[in-house]
Amino acid sequence: MKQKFDIITSTCVPLPLENVDTDQIIPARFLKATTREEKFFGDNLFRDWRYKADGTLNKDFVLNDPTYGGQILVAGKNFGSGSSREHAAWAIAGYGFRVVVSSFFADIHKNNELNNFVLPVVVSEDFLKGLFDSIYKDPKTEVEVNLPEQTITNKATGRSERFEINAYKKHCLMNGLDDIDFLVASKDKIMEYENGMARG
């Protein structure tokens, strides 16, 4: 979903599990889907955790708990490990998450999130623990993610941290551009460069 990204303030969904892999995010059987429909993948995010084997809702899983909600998923260390399937990022975006916070992301999954207009925010282990503590103490706890300033703030405690992001990806997120959009927007500069090269 192409959306310009500036500052997001939202409540959070806590998922304090480490080593959540892409097969858990979106099971392999959904990779054969012939659709890119956001709702399809969003509805199947964490499918095997959200539903029991008989297809009934698993009321113990956090996405099925009305206590928690929001545009920010707060996850444990090493989020998105395993296969490189982009479908995992499609599912996260399709569900409606704009930000995923963790102390460590698998590199390929991190890039897949960025390519699908989801911002992966890497924080310290201590900040992450404090965030989980605040959310469990008060599920209405809000977090502010400021992309221009590259800061994340736990509004319950007032604590902030700065996060890193590739300058190109930051530009694309802030302007709602994917890689093709960026090239099209840069067409005049590319032509100017090519013409200069042709002139020697």
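Strands E6 and E7 (residues 151-154) are joined by four bridges and run antiparallel. That pairing is a good place to enter this model, which is predicted. One pair of partners across it is Val143 with Asn154 in E7. The hairpin of E6 and E7 has four residues between the strands, and Gln150 takes a positive phi near 55° there.

E6 has a further partner. Strand E1 (residues 7-10) is joined to strand E6 (residues 143-146) by four bridges, and these two strands also run antiparallel. Here Ile8 has Val145 as its bridge partner in E6. Strands of a sheet pair through backbone hydrogen bonds, either parallel or antiparallel.

Now stop at Thr151. This residue lies in strand E7. Thr151 is partly exposed, with a relative accessible area of 21%. The cut-off explains that label: buried means under 20%, so Thr151, at 21%, counts as partly exposed. Leaving out residues up to four places away in sequence, Thr151 touches Glu144, Val145 and Asn146. Thr151 also touches Glu161, Arg162 and Phe163. Val123 is 28 residues from Thr151 in sequence, and the two C-alpha atoms are 9.9 Å apart in space.

Step back to the chain as a whole. The chain has nine helices and eight strands. Of its 200 residues, 44% count as buried. The accessible surface comes to about 10700 Å², and carbon and sulfur atoms hold 51% of that. Among contacts with a separation of 6 or more, 65% are between residues 24 or more positions apart.

Next comes a parallel sheet. Four strands form an open sheet in the order E2-E3-E4-E5, with parallel pairing. Strand E2 (12-15) and strand E5 (119-122) stand at the edges. Each has a single partner strand, so one side of each is left without a neighbour in the sheet. Neighbouring strands of this sheet are turned by 20° against each other on average, direction ignored. Four bridges join E2 to E3, and the two run parallel. Within this pairing, Cys12 stands opposite Ile72 in E3. A helix also meets this sheet. Helix H5 (residues 107-115) lies across strand E4 (99-102) and E5, and runs at about 135° to E5.

Turn to the charged side chains. Side chains of opposite charge can pair when their charged atoms come close. The count here is seven salt bridges. One of them is between the side chains of Lys77 and Glu125, at 3.8 Å from N to O. Lys77 lies in the loop between strand E3 (72-75) and helix H4 (87-95), while Glu125 is in helix H6 (residues 125-137). The pair therefore ties together parts that are 48 residues apart in sequence. Both ends are partly exposed: Lys77 has a relative accessible area of 39%, and Glu125 has 43% relative accessibility.

Asp126 forms a salt bridge with Arg159, and their closest N and O atoms are 2.7 Å apart. This pair links distant parts of the chain, with Arg159 in strand E8 (residues 159-162) and Asp126 in helix H6, 33 residues apart. Arg159 counts as partly exposed at 34% relative accessibility. Asp126 is partly exposed too, with a relative accessible area of 48%.

A further salt bridge stays within helix H6. Lys129 pairs with Asp133, the closest N and O atoms being 3.0 Å apart. Both residues lie in H6, four residues apart, about one turn of the helix. Asp133 counts as partly exposed at 42% relative accessibility. Elsewhere, salt bridges that share partners join Asp126, Arg159 and Glu161 into one network. Glu161 has already appeared, as a residue that Thr151 touches.

Finish at a buried polar side chain. Asn44 sits in the loop between helix H2 (38-43) and helix H3 (47-50). Asn44 is buried, with a relative accessible area of 5%. What lies 2.8 Å from a polar atom of the Asn44 side chain? The backbone oxygen of Phe40 does. Beyond its neighbours within four places in sequence, Asn44 is in contact with Ile25, Ile26, Pro27, Phe30 and Arg50.

Methods
Residues numbered from 1 in each chain as written. Predicted model: local features only at pLDDT ≥ 70, side-chain atom pairs only at ≥ 80, totals over all residues. Heavy atoms only, no water. Buried < 20%, exposed > 50% of the residue type's maximum accessible area, 1.4 Å probe, protein only. Contact = heavy atoms within 4.5 Å. Areas by Shrake-Rupley, 256 points an atom, 1.4 Å probe, with all protein chains shown as cover. Polar contact = N/O pair within 3.5 Å; in protein donor to acceptor, adjacent residues only side chain to side chain. Salt bridge = Lys/Arg side-chain N within 4 Å of Asp/Glu carboxyl O. Pairing = 2+ DSSP bridges. Axes fitted to C-alpha atoms, helices over the stretch in contact; angles between N-to-C directions.
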